[in-house]
Amino acid sequence: MTSNEIRQKFLDFFESKQHRIVPSAPMVVKDDPTLMFTNAGMNQFKDIFLGNRAAKDVRVADTQKCLRVSGKHNDLEEVGVDTYHHTMFEMLGNWSFGDYFKKEAIEWAWELLVDVYGLDKDRLYATVFEGDEADGLEADSEAEELWKKFLPENRILRASKKDNFWEMGDQGPCGPCSEVHIDLRSDAERKAKPGRELVNADHPQVVEIWNLVFIQFNRKADGSLENLPAKHVDTGMGFERLCMALQGKTSNYDTDVFGPLISEISKLSGTKYTSSDSQTDIAIRVIADHVRAVAFAIADGQIPSNNGAGYVIKRILRRAIRYGYSFLGFKAGFIHKLIPTLTAQMGVAFPELKSQEQLVTKVIQEEEASFLRTLDKGIDRFNNYVSGLKGKTIDGAFAFELYDTFGFPIDLTELMAREQNLNVDIQGFEEGLQQQKERSRAATATESSDWTVLRKDDREEFVGYDLLETEVFITRYRKVSAKGKEFYQLVFNITPFYAESGGQVGDTGYIEADGQKTFIFDTKKENDLIIHFAKELPANPEATFKAVVNAEKRQATALNHSATHLLHAVLREVLGEHVEQKGSLVNPDHLRFDFSHFSKVSDEELIDIEARINAKIRENIQLDEKRNVPLNSAKEMGAMALFGEKYGDLVRVITFDKDFSVELCGGTHAKATGNIGLLKIISESSVAAGIRRIEAVTGEKALETVNEAYEQFNGLKQLLKVKDPLQGVEQLQTKIKELERKIEGLNAKAASGLKDELLAKAVDKGDYKMITEKISLDDAAAIKNLCFDLKKESGLVALLGVISSGKPGLHLVISDDLVNSKGWKAGELIRELAKHIQGGGGGQPTYASAGGNDANGIPAALKALPELLS
RNA sequence: GGGGGAUUAGCUCAGUUGGCUAGAGCGCUUGCCUGGCAGGCAAGAGGCCACCGGUUCGAAUCCGGUAUUCUCCA
């Protein structure tokens, strides 16, 4: 059975059990501050479990792309070393939202595994929750009894809270779970040691394949549990492991999920894969795993970057490059060459991979090149350090600096050290890393208290499309402290405040009751909740409030948002259909739009784009807004399919001329394009490989911008008194250059005059000449020039006294031949001389300067020189 | 969000406790030589040492700020 067939059978099976089959949610998570990536199949249904959203279908099944890089069972550095951990993986799952419970879940699991897939039932084990005293929970004997229908008692095991009690986080829905494990060892091995002893023991061939979670409790912030009114089933089956079991393999990497990638890596590197623990095999596994994670993430719109989710992707990619570089001999980028193989294999089940192929390739290629540069620099730095190294140990602080500041991987440092018979102070390195981690944690620590619920209200409605002012109640609030600052998060029954989303910033404004205003400084979304940020809590939170949005800012933002849609549509007209939104920021001041495009947008194109947008503005196209449109109908309307919609979402469609711009969008918009007034593009730049950024202003801001430039231009015209200021400035520039040259000549002449004057006053001291004079030159550069001029003379010592910006100074020049023959050092002499003017100084043997406070001392200093020299 | 680093000629970079009116290689220009594959020799142009401020007799170098960028952590 191929992996594609296995996936399909799962979906078909649950469809036959009246489940709605839904598409995978994006792997990259938005609107959830606690999560960067989808790490389990249930993520997209979180709001249903939390009670924030009602389920549309009570039975659902899907395959979900997930990413895990940390957590209790997953450490990035372990992936590839063993044969069953992955960063990106597929999770097959079926759900019941308040519908069926343990009985059906267990029966169907058995039916699918044994009757449909034909797994050997003698190899299966089930675990059930053993109970927990601290939580006051009994063992899950209900599940245990159900399993007894299928399995002998000695293959049903009780397991601890750690393995068999599932929780979403510190708070929220949770419950006991029951897992199916499979023993894939040979008959001989199974005879020698019963599988039941290896369940939950991290054995690579006795593994969990399916986890059935029975959600029946809610964990409160104080740690206590309460029963949920509606009980849910949440299951997750690791697709790659299932394939391993069904294809009779002992490693996930030996299945056809990874096969094509592995043979391609093998081919590119000229290294054979032997499913062993050798470093080359580990490297091949690492790359095969990571390329999937990175490609899927980029296809979902997550570009490698320096923070947040982007940083995680970058780290995964760099780890793959590192392994290829160290163990497979890849000295140039190679990972991007694997993309066609991956797309061919998974592009059908995940069409986004196919449509984003070019971007994925380009982004990976660029990142590979950049990391290889980083490696080169690190190697230089390392060699430099080693050449000056006295002992045999590389300082931990240096290794950490290399890692922290220059991005050079520690294992490469160790590898290179070994090659030169050196060792690395790893403990010192770890200490540095630990300190850095603590610093970061301290800086981001936030603490939130329990929600104080004032009113039961499971749906907070956004009314801000139509109203900027309305009466609201606070339904719940909580205090949050971050970085020593405290503020409150408020949730209303209904709200006119737009929460930051789709690039549009959150609304600001205030709520008012009993004459007291509480300012809302930001509005954000947490899953489906709209959260209002306030510095303080109103005196009476249970009052009825008048909620008022800052209308001026909202309107300016709306103009920018509508303009963004026009820009998007025009970009596709001018540059081509490959242009897709990759990021967007819309605030009252300006708009920023990132999009896929593979070359610089030329000045001519920018002018064209701007002109077309402004033409659309003048057409004054009326806004056509449709709310609560099912996703399918929206697509039929020609709305650009954007990833990021969740199953069950009703979308909003914003149209400016159905033949021009139709977009799915939750943002606020101008009533007609004419309101935008004017759009002015401010800049075009690059953000990443294959992604360009355009920034623009609209409305009043645009007018201001244009006016400012116009005024400057007029001012220039008046100043220059010419028609064409550009030409005028050019003329001025050449003139200035000419004049500068002239001044230089004059200065040289004056200096040589002064020099001749000084030379005439030189006193003959036998084998050398000496000048001791007070001169009236103020400019430091000119004095220095004169001194260097004098230095060209042979057999000359000159001490010049000056008053520069009111302070006395001395300059001593000794010609090179005297420095050589007499051994005089101007730098030392000047320190003696400077005492006369109560100052200090220094310099080189041939030229030195000093400054001081007592101008009256200059004659004494001049007099002192002959004595010093004799 | 919090650290650390970098910014010097068109490009890649040196510049050592502050003291060459800033250097190298490549590239560029010009001239001469030359029977090829980055041809050789010579001369030359090219720098507000990122920007703003401070300390100092003196700052590319030290201190503060800004911008850009790299990087680690969250």
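**Figure 1. Helix 1 and the largest cavity.** Helix 1 makes the largest share of the lining of the largest cavity, contributing three residues, and the view is taken from a predicted model. The lining as a whole is made up of S3, N4, R7, F239, V257, Q345 and M346, and the elements that give two or more residues to this lining are helix 1 (3–16) and helix 11 (339–346). The space enclosed in the largest cavity comes to about 40 Å³, and, when the residues around it are sorted by class, three are nonpolar, three are polar and one is charged.

**Figure 2. The second largest cavity and its lining.** In the predicted model, the count of cavities of 30 Å³ or more comes to two, and the second largest of them has a volume of about 30 Å³. Its lining is formed by W110, L113, L124, Y125, A126, W147, L151 and V180, where helix 3 (102–116) and strand 4 (124–129) are the elements that give two or more residues. Strand 4 gives the most to this lining, with three residues. Sorted by class, the lining of the second largest cavity has eight nonpolar residues, with no polar and no charged ones.

**Figure 3. The protein surface around RNA strand B.** RNA strand B is surrounded by 32 residues, of which Y311, R318, Y403, S440 and Q844 are the closest. Of the atoms of RNA strand B that come within 4 Å of the protein, 59% belong to sugar and phosphate. The surface near the strand divides by class into six nonpolar, 18 polar and eight charged residues, and helix 16 supplies the largest share of this surface, with six residues.

**Figure 4. Polar atoms that meet RNA strand B.** This view brings together contacts to three parts of the RNA. At the phosphate, an N or O atom in the side chain of K314 is 2.8 Å from a phosphate oxygen of RNA strand B. At the sugar or linking oxygens, one such oxygen of RNA strand B lies 2.8 Å from a polar side-chain atom of T405. At the base, a backbone N or O atom of G842 is found 3.0 Å from a base nitrogen of RNA strand B. The elements that give two or more residues to the surface near RNA strand B are helix 10 (308–327), helix 13 (357–387), helix 14 (396–404), helix 16 (426–444) and helix 22 (780–791), together with strand 34 (840–843) and strand 35 (847–851).

Definitions and conventions: Residues are numbered from 1 along each chain as its sequence is written. Chains are lettered from A and ligands numbered from 1 in the order in which they are written. This is a predicted model: local features need pLDDT of at least 70, side-chain atom pairs count only at pLDDT 80 or more; totals for chains, interfaces and linings use all residues. Side-chain values use heavy atoms; hydrogens and water are left out. A residue is near a molecule or strand if one of its heavy atoms lies within 4 Å of it. A polar contact is a pair of N or O atoms within 3.5 Å; within protein, one must be able to donate a hydrogen and the other to accept it, and residues adjacent in sequence count only if both atoms are side-chain atoms. Helices (H or I, at least four residues) and strands (E, at least two) are DSSP runs, numbered from the N terminus. Ala, Val, Leu, Ile, Met, Phe, Trp, Tyr, Cys and Pro count as nonpolar, Asp, Glu, Lys and Arg as charged, and the others, Gly among them, as polar. On a 1 Å grid over the protein atoms alone, a cavity is a set of points where a 1.4 Å probe fits but cannot get out, and a pocket is an open set with protein on both sides within 12 Å along at least five of seven lines; lining residues have an atom within 4 Å of a point. Grid points are joined across faces, edges and corners, and a volume is the space filled by probe spheres set on the points.
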